[in-house]
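Student: I have a model open and would like to talk through how its helices pack. Could we take it step by step?

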Amino acid sequence: MKYCSHCGSQVADEAVICPNCGCKVEGGSSSNGSYSGISIVGFVLAFIMPIIGLIVSIVARNNAKRDGDTKSAGFAKAGIIISACLIAFAVLIYVIVFIGIIAAAGAAV
Ligand SMILES: [Zn+2]
């Protein structure tokens, strides 16, 4: 069971609308199988702009944890891991290219 964030009454896990006050029940995405919007944005950004994707995914994970949305939290965690891997990979490429330029410059002198 979960609790309505508006009136505090018990609501069935699969309920989207609170039967007591009629308000939309927060954290319902954990039961209807969809991910929160921000976790999807973070995941997509992880591939396009990993640094921003990492930040958005961290925010999404914190929001999902606060709302008890374990599914979105897990998805956001995947976004964090992918972002971190791509950032590490980009840094590695940058270092290799940088060393290459230094080596080329050294050879040219
Ligand atoms: Zn309610």
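Student: To start with a single residue, is Ala 90 buried or exposed?

Tutor: This is a predicted model. In it, Ala 90 is exposed, because 12 other C-beta atoms lie within 10 Å and a residue with 12 or fewer counts as exposed.

Student: Which helix does Ala 90 lie in?

Tutor: Ala 90 belongs to helix α4, which covers residues 70–108.

Student: What separation is there between the C-alpha atoms of Ala 90 and Phe 43?

Tutor: Those C-alpha atoms are separated by 17 Å, and the two residues are 47 apart along the chain.

Student: Phe 43 brings up the interior. Which residues make up the largest nonpolar core?

Tutor: The largest nonpolar core has twelve residues: Tyr 35, Phe 43, Leu 45, Ala 46, Leu 54, Val 56, Ala 60, Ala 64, Ala 73, Phe 75, Ala 76 and Ile 80.

Student: Which elements give two or more residues to this core?

Tutor: Those elements are α2 (37–48), α3 (50–66) and α4 (70–108).

Student: Let us take the helix pairs, then. At what angle do α2 and α3 pack?

Tutor: The angle is about 155°, and the axes of α2 and α3 are 7 Å apart. This makes α2 roughly antiparallel to α3, since angles over 145 degrees count that way. Their crossing is left-handed.

Student: Which residues make the contact?

Tutor: From α2 the contact draws on Ile 38, Ser 39, Val 41, Gly 42, Phe 43, Leu 45 and Ala 46. On the α3 side, the residues include Pro 50, Ile 52, Val 56, Val 59 and Ala 60. By class, the contact of α2 with α3 has eleven nonpolar and five polar residues, with no charged ones.

Student: And how do α2 and α4 pack?

Tutor: Their axes are 8 Å apart, at an angle of about 20°. Helix α2 is therefore roughly parallel to α4, and the crossing of α2 and α4 is left-handed. Helix α2 contributes Ser 39, Gly 42, Phe 43 and Ala 46 to the contact, while the α4 residues include Phe 75, Ala 76, Ile 82 and Leu 86.

Student: How many charged residues has the contact of α2 with α4?

Tutor: There are no charged residues in the contact of α2 with α4, which has seven nonpolar and five polar ones.

Student: That leaves α3 and α4. At roughly what angle do they cross?

Tutor: They cross at roughly 160°, with axes that come within 8 Å. That makes α3 roughly antiparallel to α4, and this crossing is left-handed. Among the α3 residues in the contact are Leu 54, Ile 58, Arg 61 and Lys 65; among those of α4 are Ala 73, Lys 77, Ile 80 and Ala 90.

Student: How do the residues of that contact divide by class?

Tutor: The contact of α3 with α4 has 13 nonpolar, five polar and three charged residues.

Student: What is Ala 73 in contact with, leaving aside its neighbours within four places in sequence?

Tutor: On that basis, Ala 73 is in contact with Arg 61, Ala 64 and Lys 65.

Student: One last residue: why does Ile 58 count as partly exposed?

Tutor: Ile 58, placed in helix α3, counts as partly exposed because it has 16 C-beta neighbours inside 10 Å. A residue needs 20 or more to be buried, and 12 or fewer to be exposed. The C-alpha atoms of Ile 58 and Ile 99 are separated by 32 Å, with the two residues 41 apart along the chain.

Methods. Residues are numbered from 1 along each chain as its sequence is written. This is a predicted model: local features need pLDDT of at least 70, side-chain atom pairs count only at pLDDT 80 or more; totals for chains, interfaces and linings use all residues. A nonpolar core is a set of buried Ala, Val, Leu, Ile, Met, Phe, Trp, Tyr and Cys residues joined through C-beta atoms within 7 Å. Helices (H or I, at least four residues) and strands (E, at least two) are DSSP runs, numbered from the N terminus. Two residues are in contact if their C-beta atoms, placed from the backbone, lie within 7 Å. Axes are lines fitted to C-alpha atoms, for helices over the stretch in contact, and angles run from 0 to 180 degrees between N-to-C directions. Angles under 35 degrees count as roughly parallel, over 145 as roughly antiparallel, 65 to 115 as roughly perpendicular and the rest as oblique. A crossing is left-handed if the near helix is turned anticlockwise from the far one by less than a right angle, and right-handed if clockwise. Ala, Val, Leu, Ile, Met, Phe, Trp, Tyr, Cys and Pro count as nonpolar, Asp, Glu, Lys and Arg as charged, and the others, Gly among them, as polar.
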